[in-house]
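User: I am new to this structure and would like to go through it in questions and answers. Please keep the replies plain.

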Amino acid sequence: MEKKQRIAVVTGSSSGIGFETSLLLARNGFYTYATMRDTLKSEKIKKIANKENLPLEVLSMDVNNDDSVRNAIHKIIDEKKKIDILVNNAGYGLFGALEDISIADIKQQFETNLFGEIRTIKEVLSTMRKQKNGIIINITSIAGLVGIPAECIYVSTKFALEGLSESISYELQPYGIKVILMEPGVINTNFVSSIKFSDKTDDKSQQTLSKQEKSEINYSGNNIKKKSSSYYSNTIDTFLSHYYPAMKNAPLPKEVATVILEAIKNSSKSSEYLFRYIIGGDAKTFAQAKKNMSDSELHEFISNKLLK
Ligand SMILES: NC(=O)c1ccc[n+]([C@@H]2O[C@H](COP(=O)([O-])OP(=O)(O)OC[C@H]3O[C@@H](n4cnc5c(N)ncnc54)[C@H](OP(=O)(O)O)[C@@H]3O)[C@@H](O)[C@H]2O)c1
């Protein structure tokens, strides 16, 4: 019985999608390593896991750090001798216009959102290859399919992760390793309060507003004081005037966790294995537009939706 228990590793489990996914997998019998870079943030998940007697263990992992990733994965392999599921979830958003964003911030964004995932994947591969099975789930975004104003660098990391995932799926297939992409639209998590803005983007106060405050901003009332040191502030602010309110009615991270569990279950039946899961009405609308429209139609469609 113990031998058959499947082992899952989730990155970025301190909040949002990672938090809910770790709990849901553990509730469904997976021995789940809920990894996070700051284990001081583990109190809530540990409390729930203890109360429900879940097979969940918190482990320290900073995806930006080679040693941290290596140590965590080695510990899991030493303990369990296998890893069945890797959910690459850790990430954050860097927003702003390209001209305003420093190269250092851009590198940092790639460090977490792309290299972080590459690190964990590389670390689990030899084990998954030897065991001749494994599922790697990468949380990209609708921003991995469609270019979005004000998010150029975030979008670049997610497009890169999509390309990586599509490509490695060929080399991993002979070893029974499946790659799956989750492409959510706006999801109501701490993502919005963790967004890093370029220095010139706007009033710094936006960076310290809570998620609740951001979703309640009344842009028509123009109650945000702008620093306006950016040539692109109109574009960024108009985008944010759509983005923040969208958070209000956005799906909760539990919905993404449910789709992740479903994807894992489906992947064992070859007829139902899907490479991509698009989550949320907004993501589905944008993905459909990308599929059916010419480039110029898509440009106009997105401009009308996000910049008017
Ligand atoms: N929310 C959305 O609208 C949305 C839409 C599409 C895709 N996504 C993607 O979904 C994923 C999860 O985001 P979320 O919405 O759940 O946001 P969240 O609540 O802010 O969670 C992000 C998680 O990533 C962790 N993280 C950040 N940098 C890390 C690092 N260097 N090492 C380890 N963990 C790190 C955070 O840890 P700390 O608590 O220590 O910061 C946190 O646990 C991200 O990849 C994001 O791009 C989100």
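User: In which loop is Lys-132 found?

Analyst: This is a predicted model, in which local features need pLDDT of at least 70, side-chain atom pairs count only at pLDDT 80 or more, and totals for chains, interfaces and linings use all residues. Residues are numbered from 1 along each chain as its sequence is written. Helices (H or I, at least four residues) and strands (E, at least two) are DSSP runs, numbered from the N terminus. On that numbering, Lys-132 is found in the loop between helix 4 and strand 6.

User: Is Lys-132 buried or exposed?

Analyst: A residue is buried if 20 or more other C-beta atoms lie within 10 Å of its own, exposed if 12 or fewer, and partly exposed in between, with C-beta atoms placed from the backbone. Lys-132 has 10 C-beta neighbours inside 10 Å. It therefore counts as exposed.

User: What is the phi of Lys-81, and where does this residue lie?

Analyst: Most residues other than glycine have a negative phi. Lys-81 lies in the loop between helix 3 (66–80) and strand 4, and counts as exposed because it has 11 C-beta neighbours inside 10 Å. Although Lys-81 is not a glycine, its phi is positive, at about 65°.

User: What is the order of the strands in the open sheet of seven strands?

Analyst: Two strands pair if DSSP finds at least two bridges between them. The pairing in this open sheet is parallel, and the order of its seven strands is 3-2-1-4-6-7-9.

User: Which strands stand at the edges, and what is the average twist?

Analyst: Strand 3 (56–60) and strand 9 (276–279) each have a single partner strand, so one side of each is left without a neighbour in the sheet. These two stand at the edges. For the twist, axes are lines fitted to C-alpha atoms (for helices over the stretch in contact), and angles run from 0 to 180 degrees between N-to-C directions. From one strand to the next, the twist averages 20°.

User: Which residues are the bridge partners of Ala-8 and Val-9?

Analyst: Strand 1 (residues 7–10) has both faces covered, with Ile-7 and Val-9 buried on one side and Ala-8 and Val-10 buried on the other. Strand 1 pairs in the parallel sense with strand 2 (residues 31–36) over four bridges, and three bridges join it to strand 4 (residues 85–88), also in parallel. The partner of Ala-8 in strand 2 is Thr-32, and that of Val-9 in strand 4 is Leu-86.

User: What handedness has the β-α-β unit of strand 1, helix 1 and strand 2?

Analyst: A crossover is right-handed if, with the strands pointing away from the viewer, the path from the first strand over the helix to the second runs clockwise. Strand 1, helix 1 (residues 16–27) and strand 2 make a unit that is right-handed.

User: How many of the 12 residues of helix 1 are buried?

Analyst: Helix 1 reaches 17 Å from its first C-alpha to its last, close to the 16 Å expected (1.5 Å times one less than its number of residues). The buried residues include Phe-19, Glu-20 and Leu-23. Helix 1 is largely enclosed by the rest of the structure, because the number buried is 11.

User: Which helix gives the largest share of the shell around the ligand?

Analyst: Helix 1, helix 4 (103–131) and helix 6 (191–194) each supply at least two residues of the shell. Of the 30 residues around the ligand (C-beta atom, placed from the backbone, within 6 Å), those that come nearest include Gly-12, Gly-16 and Phe-191. The largest share, three residues, comes from helix 1.

User: How many residues of strand 7 are buried, and which residue of strand 9 stands opposite Pro-184?

Analyst: Eight of the eight residues of strand 7 (residues 177–184) are buried, so strand 7 is largely enclosed by the rest of the structure. The chain crosses to it from strand 6 through helix 5 (residues 152–172), and this β-α-β crossover is right-handed. Strand 7 pairs in the parallel sense with strand 6 (residues 134–139) over six bridges, and with strand 9 over four. In strand 9, the residue opposite Pro-184 is Ile-279.
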